Amino acid sequence: MKKKILSAILAGMFAIGSFSISDAMSRAEISAIKVSKSGNFAYWEKNSPAKEKLVAYVKDVTDKKSKNFIPAEDRIAVFDMDGTFLCETAPYYFDHMLYIHRAVYDENFTPSKSDRDFAVALEKSLKNKNSNNKLGSSAPHQSAVFEGMTYPEFNSYVENFMKTPVEGLSNLKWGEAFYLPMVEVIKYLEKNDFKVYVVSGTDRQTVRVLLGDILGIPVNQIIGTDIKILAKNQGDKDGLDYTFVKDEDYLIRGEFVIKDLQMNKVSRIAEEIGKQPVLAFGNSSGDSSMINYTITDNKYKSAGFFVICDDVEREFGKTARAEKDVKLAEKNGWTPISMKNDWKTIYGDDVKVTK
C-alpha cells in the first residue's frame, strides 16, 4: 500500500517546470547540525546584526551573574514553522501543497466536489503567483480530504509526500526544505537550555511527522492547527457519549477544529505551555500576536525576531511584502532577520532557483 501511495504521489504531483533531485543535504545531515554554547554559526554572515543581537541576548540571560538571568525552566522559545524555518514560497505552504495533491492528483482517492474545486482554484491562484488568494479558509477542506484516515496511514502519506520535489528549487525535496540558519538557531538555543516549542498554523500531526527526527523537538512541544481525533467505531457520537473499548486499537482523523493563527497562537501557548515565552520567532502577520505576547509585560528580558522574505536570488522573495514586514518589525520592536543579508546560505549551495 505504501509503495502505491508513493508511486501515485511521484507520478501525479503537479509541476510547472522540471526538477532534478540529487543528494542535497539529507534529513540526517540537517539533524546532525551542531552549534556550540557560545554560538559558532556556520550558515550566518559573520557580522549579521540579527545573529549578534540573539547571541548577546542568550549570553546575558544565561549568565547567573546578570540581572537578566533566566532560570533554565523558564527559558521558553516559540517558533512559527512555515516561512520561519521551513520553505513556504515554492510555491506555498507544505500543508497546502499536500492538500492539492490529495484532492487533485491522487488517483487512489475521490474527494467531494467542493474539496476538489477549492483545490483546483487554489492551484490556479498559485500558478498565477497570487498566494494572497481570496478563496477563503482552506482549513476545513484540508481536514476533509484526510477524514477517516488512521494516524499510521496519515503519517505514511505525509512521509511519502516529503519525498517529492520542491517546485522551482533544484536538488530539494519537501522533507529537506529547512532554512539551515534557523536550524542552527534552534540547536543553539537548545544547547543553552532553552525549551523550544513549534507553534504553527499547519495541522499539528503534519508538523509532528515533518519535523520527526530532524530537529529533535518532542511531539508534546509541537502546537498546531487541530483536527478531531476519533475512535475507529465512534461515528457521529460525542466523546462524552462514547467509551473507547479495549480492542479498539487505533484512532482516525475527524473534522477541522481550530486554526492556529493570530490570537489563537497566544491562547494555545497559554493552554499548553502555561508560561509566557521569552523568545519568539515568526515571519508573517499571523505570528504578530505570538511575538507581541512574548515581549509584553514579561517578567524576564524577552525578544522577538522576524524573518524577512527579501531574497529574490536564492529563494522566491517578495520585495513589496519584505518592505512591509520590515516596517511591521520596527513598529513592534522586533528584530528583523534578512534572508538576503544575514544568511550565507538558505538550503545549501547545491540548491538553486530553476525558474
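Strand β3 (residues 222-231) pairs with β4 in the antiparallel sense, over five bridges. This is a predicted model. One pair of facing residues is alanine 231 and leucine 251, the latter in β4. Both strands belong to an open sheet of seven, ordered β4-β3-β2-β1-β5-β6-β7, in which the pairing is mixed. β4 (251-258) and β7 stand at the edges with a single partner strand each, so one side of each has no neighbour in the sheet. From one strand to the next the twist averages 30°. Helix α9 (residues 204-211) lies across β2 (195-203), β3 and β4, and its direction is at about 125° to β2.

Moving along the sheet from β2, the next strand in the order is β1. β1 and β2 pair in the parallel sense over four bridges, with phenylalanine 79 standing opposite valine 198 in β2. On its other flank, strand β1 (residues 76-79) runs parallel to β5, and three bridges join the two. Within that pairing, alanine 77 has leucine 279 of β5 as its bridge partner, and phenylalanine 79 has phenylalanine 281. β5 in turn runs parallel to β6, joined to that strand by four bridges. Leucine 279 has a bridge partner here too, alanine 303 in β6.

Which way do the side chains of these strands point? In a regular strand the side chains alternate between the two faces of the sheet. In β1, Ile76 and Val78 point one way, while Ala77 and Phe79 point the other way, and all are buried. Strand β5 (residues 279-282) follows suit: Leu279 and Phe281 point one way, Ala280 and Gly282 the other way, and all are buried.

Some of these residues also belong to the nonpolar cores. The largest core has 80 residues, of which Phe79, Phe85, Met182, Leu189 and Leu279 touch the most other members. Leaving aside residues up to four places away in sequence, leucine 279 touches Leu54, Tyr57, Ile76, Ala77, Val78, Leu189, Phe194, Thr294, Ala303 and Phe305. Another core, of 15 residues, lies apart from the largest one; among its members are Ile76, Ile223, Ala280 and Ala329.

Met182 and Leu189, both named for the largest core, are buried residues of helix α8. Helix α8 (residues 180-191) has 12 residues, which at 1.5 Å a residue should span 16 Å; its end C-alpha atoms are 16 Å apart, so the two values agree. The helix is mostly covered, with 10 of its 12 residues buried. These are Leu180, Pro181, Met182, Val183, Glu184, Val185, Ile186, Lys187, Tyr188 and Leu189. The list includes charged residue types such as Glu184 and Lys187. After α8 comes aspartate 193, whose phi is positive, near 65°.

Helix α12 gives another picture. Its 14 residues (319-332) reach 20 Å from the first C-alpha to the last, close to the 20 Å expected at 1.5 Å a residue. Which residues of α12 are buried? They are Ala322, Asp325 and Ala329. These residues cover an arc of only 60° around the axis, which puts them on the same side of α12. An α-helix has 3.6 residues a turn, so residues three or four places apart point the same way. On the other side of α12, Ala320, Glu323, Lys324, Lys327, Glu330 and Lys331 are exposed. The buried residues of the helix pack against β6 (303-308) and β7 (335-338). One of them, Ala329, is among the members of the core of 15 residues. Glycine 333 follows α12, and its phi is positive, near 80°.

A last stop lies in a loop. Valine 145 is found between α6 (139-144) and α7 (151-161). Is this loop residue buried or exposed? Its relative accessibility is 2%, so valine 145 counts as buried. Not counting residues up to four places away in sequence, valine 145 touches Tyr99, Arg102, Ala103, Phe109 and Asp115. One of these contacts, tyrosine 99, is 46 residues from valine 145 in sequence, yet their C-alpha atoms are 7.4 Å apart in space.

Technical notes: Residues numbered from 1 in each chain as written. Predicted model: local features only at pLDDT ≥ 70, side-chain atom pairs only at ≥ 80, totals over all residues. Heavy atoms only, no water. Expected span 1.5 Å × (residues − 1). Buried < 20%, exposed > 50% of the residue type's maximum accessible area, 1.4 Å probe, protein only. Arc of directions from axis to C-beta. Contact = heavy atoms within 4.5 Å. Pairing = 2+ DSSP bridges. Axes fitted to C-alpha atoms, helices over the stretch in contact; angles between N-to-C directions. Core = buried A, V, L, I, M, F, W, Y, C linked by side-chain atoms within 4.5 Å.
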